[in-house]
Structures are given as C-alpha cells and as structure tokens.
Amino acid sequence: MNEPYLGIPTGKPQLSVAEAVKLALGRLTDFSGRSRRSEFWWWMVIVMLVNYTSGFLTGGNLQVSAVVSAIIMLFGLAVTVRRLHDIGQSGVWVYISYALGLAFQAYVAFGPFREVMAEVAALGRKIQPQDLEDLMAEYSTIIYTYMGLTFAWAVSSIVVVVMGFIDSKPEPNKYGESPKYGAIQ
C-alpha cells in the first residue's frame with residue numbers, strides 16, 4: 001500500500017463505511033481535491049438515510065421538510081464536488097443539480113404549486129377526470145413549471161449520479177493526486 005491519504009492508506013480497493021464517513025466528515029467544507037467512489041457512495045447512503053428519516057420527523061410539513069432537506073443536502077455537496085474532481089470533471093454539475101433541487105423544493109413548499117396541492121387535497125380521494133381537466137385549465141402554467149423543474153432536476157441529478165460511478169484514473173489530474181492510488185511512482 002502507498003502512503004496514507006488523510007489517514008487512509010491508498011491502494012486499498014474500497015473504503016469501509018467507517019473510513020468513508022471519517023473522510024467525508026473531516027472534509028465537509030473542503031471543495032478542493034478528490035474523493036474516491038467508496039467515500040462518495042458510503043457518505044451518500046448516510047446522507048440519504050438522514051434525509052429520509054427527517055421526512056418522517058417533520059410530520060409532513062412541506063415548508064419545514066424543504067428547509068431541513070436543503071440543509072441535509074449541503075452535507076453531500078463537498079464530497080460530490082470532490083468525486084467529480086476525481087474523474088477530472090468540474091463541480092459545476094453538482095451546483096447546477098443542487099440549485100435545481102432547491103428551486104424545485106421552494107416551488108413546491110413555498111411557491112404557487114401549494115395552491116394546486118391545496119385544490120387536490122380539497123377534492124379528497126374522489127378525483128374524477130373532469131376534476132383533472134379543471135385543474136389543468138386553471139393551473140396549467142403552474143403545473144407545467146412544476147413538470148419542467150422536476151424534469152430538469154431529474155436529468156441533472158442523473159448526470160451527477162452516473163459520473164459518481166465512473167472510476168478515476170490512477171494518474172494525478174488538475175485537482176490533485178488520486179486518493180485511491182496515491183502518487184504514481
């Protein structure tokens with residue numbers, strides 16, 4: 001094994017959950033350098049579990065849930081930027097996805113889409129096709145904006161997730177040495 005990278009030996013095929021969490025927690029605000037796939041994915045599992053659990057704890061309050069989710073998403077931002085750096089990509093992809101996620105959550109929790117949700121809730125479980133037609137007629141711009149935000153956020157998120165699966169090259173890149181392979185001899 002090569003020299004340790006932040007206390008974790010390089011050349012190791014995969015980090016354990018504990019090693020990944022240690023690395024990610026130690027660099028929550030560090031947007032420079034590189035992060036390995038195992039550090040990224042283990043940390044993302046933790047962040048997603050916390051986010052999912054927080055949804056239950058907020059009791060279905062959309063506004064509180066949106067704010068808590070936005071805060072929790074921040075904990076995955078730096079490691080995701082470093083993960084993209086590891087494959088030689090810019091962190092801009094992450095920022096775009098995060099901004100679209102925030103816009104989506106704000107639109108649903110605080111924006112005009114709340115009116116649509118209130119109308120649907122008032123209809124109860126007996127929504128008829130005519131009700132849907134009426135909603136589309138009255139709120140078409142709001143619904144289409146919602147659909148557009150949903151689509152844009154989904155596509156940007158998929159791009160980032162796919163890049164998260166790509167293995168890095170052992171050579172250094174413009175973001176530094178490989179945390180997996182260390183300095184090439």
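User: Which residues is Trp-93 in contact with, leaving aside neighbours within four places in sequence?
Analyst: In this predicted model, Trp-93 touches Leu-84, Val-159, Val-160 and Met-163, once neighbours within four places in sequence are left aside.

User: And which helix does Trp-93 lie in?
Analyst: Helix H4.

User: Buried or exposed, or something in between, for Trp-93?
Analyst: Trp-93 has a relative accessible area of 38%, so it counts as partly exposed.

User: How far is Trp-93 from Arg-125, C-alpha to C-alpha?
Analyst: The two C-alpha atoms are separated by 40 Å, and the residues are 32 apart along the chain.

User: OK, switching to pockets. What volume does the largest pocket have?
Analyst: About 500 Å³. Its lining has 18 residues, and those closest to the centre are Met-44, Met-73, Thr-80, Ser-97 and Ser-157.

User: Which elements give two or more residues to that lining?
Analyst: Four helices do: H2 (37-57), H3 (62-86), H4 (92-109) and H6 (129-165). H2 gives the largest share of the largest pocket's lining, with six residues.

User: What's the lining of the largest pocket like by class?
Analyst: For the largest pocket, 13 lining residues are nonpolar, five are polar and none is charged.

User: And the second largest pocket, how much space lies in there?
Analyst: The second largest pocket holds about 170 Å³. Its lining includes Asn-51, Tyr-52, Ser-54 and Gly-55, along with Leu-62, Ser-65, Ala-66 and Ser-69, and also Phe-104, Gln-105, Val-108 and Ala-109. The elements giving two or more residues to that lining are H2, H3 and H4.

User: How do the lining residues of the second largest pocket divide by class?
Analyst: Six are nonpolar and six are polar, with no charged residues in the lining of the second largest pocket.

User: Phe-104 caught my eye in that list. Let's do aromatics. How many aromatic pairs are there in the whole structure?
Analyst: Six. One pair is Phe-104 with Tyr-146: the ring centres are 5.5 Å apart and the planes sit at 35 degrees, so the pair is tilted. Phe-104 is in helix H4 and Tyr-146 in helix H6, 42 residues apart, and the pair links distant parts of the chain.

User: Why does 35 degrees make the Phe-104 and Tyr-146 pair tilted?
Analyst: Because planes under 30 degrees apart count as stacked and planes over 60 as edge-to-face, with the rest being tilted.

User: Buried or exposed, for Phe-104?
Analyst: Phe-104 is buried, at a relative accessible area of 16%. Its partner Tyr-146 is partly exposed, with 25%.

User: How are the rings of Phe-104 and Trp-153 placed?
Analyst: Their centres are 5.1 Å apart with the planes at 35 degrees, so the Phe-104 and Trp-153 pair is tilted. With Phe-104 in helix H4 and Trp-153 in helix H6, the pair ties together parts 49 residues apart in sequence. Trp-153 itself counts as partly exposed, at 22% relative accessibility.

User: Which residues form the aromatic cluster?
Analyst: Phe-104, Phe-113, Tyr-146 and Trp-153 form one cluster.

User: On to charges. How many salt bridges does the count come to?
Analyst: The count comes to six. Among them is Asp-86 with Arg-83, where the closest N and O atoms are 2.6 Å apart.

User: Where do Asp-86 and Arg-83 lie?
Analyst: Both are in helix H3, three residues apart, which is about one turn of the helix. Asp-86 is buried at 3% relative accessible area, and Arg-83 counts as buried too, at 1%.

User: Which residues are linked with them in a network of salt bridges?
Analyst: The network links Arg-34, Arg-83 and Asp-86.

User: What about Asp-30 and Arg-27, how do their side chains meet?
Analyst: In a salt bridge, at 3.0 Å from N to O. Arg-27 counts as buried, at 8% relative accessibility, whereas Asp-30 is partly exposed at 24%.

User: Last one: what do the side chains of Lys-180 and Asp-167 do?
Analyst: Lys-180 and Asp-167 meet in a salt bridge, 3.5 Å from N to O. Both lie in the segment after H6, 13 residues apart. Lys-180 counts as buried at 14% relative accessibility, while Asp-167 counts as partly exposed at 32%.

How values were computed. Residues numbered from 1 in each chain as written. Predicted model: local features only at pLDDT ≥ 70, side-chain atom pairs only at ≥ 80, totals over all residues. Heavy atoms only, no water. 1 Å grid on protein atoms, 1.4 Å probe; cavity = no way out; pocket = protein on both sides within 12 Å on 5 of 7 lines; lining within 4 Å. Points joined across faces, edges and corners; volume = space filled by probe spheres on them. Nonpolar A, V, L, I, M, F, W, Y, C, P; charged D, E, K, R; others polar. Phe/Tyr/Trp six-rings, centres within 6.5 Å; stacked < 30°, edge-to-face > 60°. Buried < 20%, exposed > 50% of the residue type's maximum accessible area, 1.4 Å probe, protein only. Contact = heavy atoms within 4.5 Å. Salt bridge = Lys/Arg side-chain N within 4 Å of Asp/Glu carboxyl O.
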